[in-house]
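Here are a few notes from my look through this one. Have the model open while you read.

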Amino acid sequence: MFLTLYIKYYMERVRSVNNDENMSRVSRNKSPKKRMKTWKKVTLWIIAIILVLVGVTAFATYHRIQQTADSVYQASGAKSTRNADELLKEKKPVSILFMGTDTNFDGRNYKGRSDSMMILTLNPAKKTTTMVSIPRDMKVNLPDFPQYSPSKINAAYTYGGPKEAINSIQSHFNIPIDYYVTLSLGGLKKAVDQVGGVDVVSPLTFTSNGYHYVQGKEEHMDGTKAMWFAQMRYDDPNNDYGRQYRQRLVLQALMKKAISYKTVLNSEFLNSISNNLKTDLTMGDMVQLALNYRDTNQNIKSDYAHGTGDMEYGVSFQDVSGAERTRISNLINNSLK
């Protein structure tokens, strides 16, 4: 509105000047130059106003995004084995522990456990992302809670939050975890909706909560359909390992859209999941990942830690052997080189 009024004001000034110039031959002889000067002034003023408005809008948008980033930030307090900030600045490979919690959907609002756990490594030089799923029932010793050990790895988050989960993973596999991201199923739904849905090929035919999925068929899923696709467990012949695979498919599809500069600086995207997300990535870290690590989604490799059933004190665990732990350790550490 202000810009429109300003332009109309100057147009009236121009017409007034032209009318005055018609009053004399001298004025008429000089009118082309005067009109040129006047239009130059108008153009410069319009450009200046536009730049100011764009600058103010950009600052306000960035301020809102910064506030949202601050609200989701939560230091882990975990043992640090590397200087993660320096790695980002130098565009070196980094590792992120992704934890999905079974909260903020279907009426669930308690803290919950880490229903899914994945170790992600991003290697910008090789343009690769490595995703390794960890069995939720994997038997581990909790470093800070020996009285509850052995325990399932998904209980680490319940007892000690991200700190205990990170310390347990680092200790069990002898790998570094640079950052963490915790996202609830409700947050996953919102994130998928904000990027316009994801394209996923189902590995099997099944129905979950009224949604039907066909084996081998690529489907464009909105947030709700993607959430139930990732969550279904008991009707999968591969049980939790099958669910891990479907979760990796959804996360992989989401990463291809979400790891971008436009998404990171999209206030609607961050605001929509802010109540369902916690991370020790700062706003600056997110921007660096979006700018310098976006090509890592060109080649995504996925794997999982294999375990065997084990009963102890009446509790069912997945026991990951020493050989398998070494394999996973080598896989992760080599992806960080």
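The points below cover one strand with its partners, then a pair of helices.

1. Keep in mind that this is a predicted model. I'd begin with strand β1, residues 94-101, which is mostly covered, with eight of its eight residues buried.

2. Look at β1 from either side and you find cover. One face carries Val 94, Ile 96, Phe 98 and Gly 100, the other Ser 95, Leu 97, Met 99 and Thr 101, and all of them are buried.

3. What does β1 pair with? Strand β2 (residues 114-123) runs antiparallel to β1 and is joined to it by eight bridges. To find the register, start from Ser 95, whose bridge partner in β2 is Thr 121. Strand β6 (residues 179-184) pairs with β1 too, in the parallel sense and over six bridges; here Ile 96 stands opposite Tyr 179.

4. Now the helices. α5 (residues 185-194) packs on α6 (residues 223-231) at an angle of about 135°, and their axes are 8 Å apart. That angle makes α5 oblique to α6. The crossing is right-handed.

5. Who touches whom? From α5 come Leu 185, Lys 189, Val 192 and Asp 193, and they meet Gly 223, Thr 224, Ala 226, Met 227 and Gln 231 of α6. Sorted by class, this contact has four nonpolar, three polar and two charged residues.

6. A last word on α5. Its buried residues are Leu 185, Gly 186, Gly 187, Leu 188, Ala 191 and Val 192. After the helix comes Gly 196, with a positive phi near 85°.

Definitions and conventions: Residues numbered from 1 in each chain as written. Predicted model: local features only at pLDDT ≥ 70, side-chain atom pairs only at ≥ 80, totals over all residues. Heavy atoms only, no water. Axes fitted to C-alpha atoms, helices over the stretch in contact; angles between N-to-C directions. Helix = DSSP H or I, 4+ residues; strand = E, 2+ residues; numbered from the N terminus. Parallel < 35°, antiparallel > 145°, perpendicular 65-115°, else oblique. Left-handed = near helix turned anticlockwise from the far one by under 90°. Contact = heavy atoms within 4.5 Å. Nonpolar A, V, L, I, M, F, W, Y, C, P; charged D, E, K, R; others polar. Buried < 20%, exposed > 50% of the residue type's maximum accessible area, 1.4 Å probe, protein only. Pairing = 2+ DSSP bridges.
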